[in-house]
Every structure is written in structure tokens, then in C-alpha cells.
Amino acid sequence: MKIKRKGKGTLLLMMVFLLIFVSVFSVSWGDVKIPFRETYSILLRLLKNSVLGISEKKGSWDTIIFNIRLPRILAAIAVGMGLSSVGCAYQGIFRNPMADPYILGISSGATLGAAIMIVLGKGTVFSGIGPVTAGAFTGALVTTILVYLIALKDRKIVSATLLLSGVAVSYLISAFVSIILAFSEKNVSRIIYWTMGSLTGLSYRQIFFILPFVIGGSLVIRRYADELDIMSIGEDAAVTMGVDTEKVKRNLLLVSSLVVAVCVSFTGVIGFVGLMVPHAARLIAGPSHRKLIPFSMVTGALFLVISDTVARSLVDSAELPIGAVTAVFGAPYFLWLLAGKGRKK
């Protein structure tokens, strides 16, 4: 599917408006159904009051929208954008369509850190960051640094070694998590649920903590869009064309890992977003990372908002893990994509 260059900007704008519409619809949908027009009116009024500093007594619908649904929709948008932009970066760095934001063992490290803090059951909440979140963030960063150091040879990052190191360290950390599960049966369900991902209970303070990392990280990734395009033909060829491939890889890996660590520490592991969304966006935007990254960010946000709506609405008075919903959507799409490529060969 090819779209003319001039039409891509218009299409991106249309997707942004679609994201806004779907987000408002998602806010209105749930166990308590709120008419779409009322939802739109309440959101405008709450926004106006926030800007003007007006305080007023909130009704039941206001409370549901402002305190429960709107924060998780904003979180879905932020995390969807972050994971998708990182997915673009990783697939470009490694020149591997199977690369995803968790390929360096970040999810395993975060799970281990979260599991340890869940078992300890101690700690205080500071500025919206609880002990489990802090443990997950620490585990994700420590794992990333460890994988990075293993793959560093003569001050150069060997991509193949980096990937294999990520896989090996992930298996090792998964073994430690299994040991924790075996010796802490009372916390098994909580740890496993954390690994499935959830946007429940996120506060505005936590969202405003996530957003700067996502926006700043995505801007840095897009800054290297041209270099990623050149590196797609091969690192040796990119070097001859004046690209400092080691600097590009180092900076993108650092920024991308930080974005993923922040996202996963607050929401748990949400799979298939960073793996699938760049592929879907590439069908529309083409291979150029300058266009692919913003398309992926909007598509990722849209995908995660829809997935979260399904997760909290499919079963009455219950909520499915959002990671399970993204897997149900993502796995068949990816299998279809692989089957399609196989038929072309």
C-alpha cells in the first residue's frame, strides 16, 4: 500500500484525530456506560476548570471519568508511543524485524526487581513511585547495563553478541524469578499478574513522570532517523558514508532502554506493541524512519487504548491483563505477516 508523500502528512493528522475520538469513546465505555456527548462535555468542562483553576463539586460521572478512566487512557497513549518508537529504533539498529523493546532482557530484569520487592513487602511511596515500581526500574536498568557490558568488545558494540547476551541473561534472570515463585507461594498470583501488564491505578503524577521520558526519548530516536535509514544497508556501508555507527548505537540503546525501563516499571510487561506496531506502520509510512517513527507512535497509542478498553470491558465486573489482550491481537497478526512473507519467497 503506497501513499504519496504529500498525503502522508494528512493521513498522520487523520490518525491523530482518530486517536482522540477513540480515546473519548474509551473514556465513555465501561461497566458504567456514559453517553459519548456527555463524556465530551465533561472532558471539556474539566479541562476548562483545570486551566482556569476553578474548583467545583464533581458528580459521579465526573469522578469516574477524571479519577479512573482518563488516567489510564493517558497512560495507554504514553506507553504505546514509547514502546512503538523504541521498537522502530531496535529494529533499525539490529536490522532485525523480530527485535522488540524487551530484546535486551529489560522485561526479565524488571520482573525480577518487581518480584523481589513484592516478596519483601516493604517500602514507602515517594512522589508516586512505590517500592515495586522502583524495584522494577532498577532491575531493568541493571540488566540492560549488564547485557551492554557483555557485548562491548574493544569499545564497540557487537550487535549479534548483544542479542545473544540479552537472550542468555533473560534465561538466567527467569530462573531466579522461578526460584522466587517456588519459595513464595502466597505472592505467585501477584507476581504473575504483574508480568501480564496493567494500567490500573496509575495516577496523574505517575503519568507526568512517564511522559517526559517517552517524548524526550522519541525525539532523540527521530533525531537519528536518517542514520537508521543509512545503517539499514549495512554498518560497513554506513561507515563509508560518514555515519558514526558506534555513537548511533550507543546513544539509541541508552535512550531506548531508559524509555522502556520507565514504561515497564509502572505498567508491567505489555508485549507485542513494540514488535508489531512498527510493522503495521511501515505498511503505511514506508521504510523511512523519519516518517515511520511518528506513524508508529500514533499507531501504538491507538492500539494500546483499544486494547485497554477491551481489557476492562470484555468481562463484566472484571479486568483482563492488558498484556494478554495485546498478545491476542498481536500474535495472529504477526503470524499472518510471517506467512505472507513466506509465500512471497
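Buried, as the word is used in these legends, means under 20% relative accessible area. The structure shown is a predicted model.

**View 1. Asp 308 and Arg 72 form a salt bridge between helices α13 and α3.** The closest N and O atoms of Asp 308 and Arg 72 are 2.7 Å apart, and because Asp 308 lies in helix α13 (residues 289-313) and Arg 72 in helix α3, the pair ties together parts that are 236 residues apart in sequence. Asp 308 has a relative accessible area of 0% and is therefore buried, and Arg 72, at 7%, is buried too.

**View 2. Glu 319 also forms a salt bridge with Arg 72.** Here the closest N and O atoms are 2.8 Å apart, and the pair links Glu 319, in the loop between α13 and α14 (322-344), with Arg 72 in helix α3, 247 residues apart. Glu 319, with 27% relative accessibility, counts as partly exposed.

**View 3. Asp 226 forms a salt bridge with Arg 290.** Asp 226 belongs to helix α9 (residues 225-231) and Arg 290 to helix α13, so that this pair ties together parts 64 residues apart in sequence. Both residues are partly exposed, Asp 226 with a relative accessible area of 37% and Arg 290 with one of 33%.

**View 4. A nonpolar patch of about 670 Å² lies on the surface.** Leu 18, Phe 21, Phe 25, Trp 29, Phe 36, Tyr 40 and Leu 44 make this patch, to which α1 (5-28) and α2 (36-52) each give two or more residues. Phe 21, which lies in helix α1, is partly exposed at 46% relative accessibility.

Conventions:
Residues numbered from 1 in each chain as written. Predicted model: local features only at pLDDT ≥ 70, side-chain atom pairs only at ≥ 80, totals over all residues. Heavy atoms only, no water. Patch = residues over 30% accessible without salt bridge, like charges linked within 9 Å, V, L, I, M, F, W, Y side chains within 5 Å. Areas by Shrake-Rupley, 256 points an atom, 1.4 Å probe, with all protein chains shown as cover. Salt bridge = Lys/Arg side-chain N within 4 Å of Asp/Glu carboxyl O. Helix = DSSP H or I, 4+ residues; strand = E, 2+ residues; numbered from the N terminus. Buried < 20%, exposed > 50% of the residue type's maximum accessible area, 1.4 Å probe, protein only.
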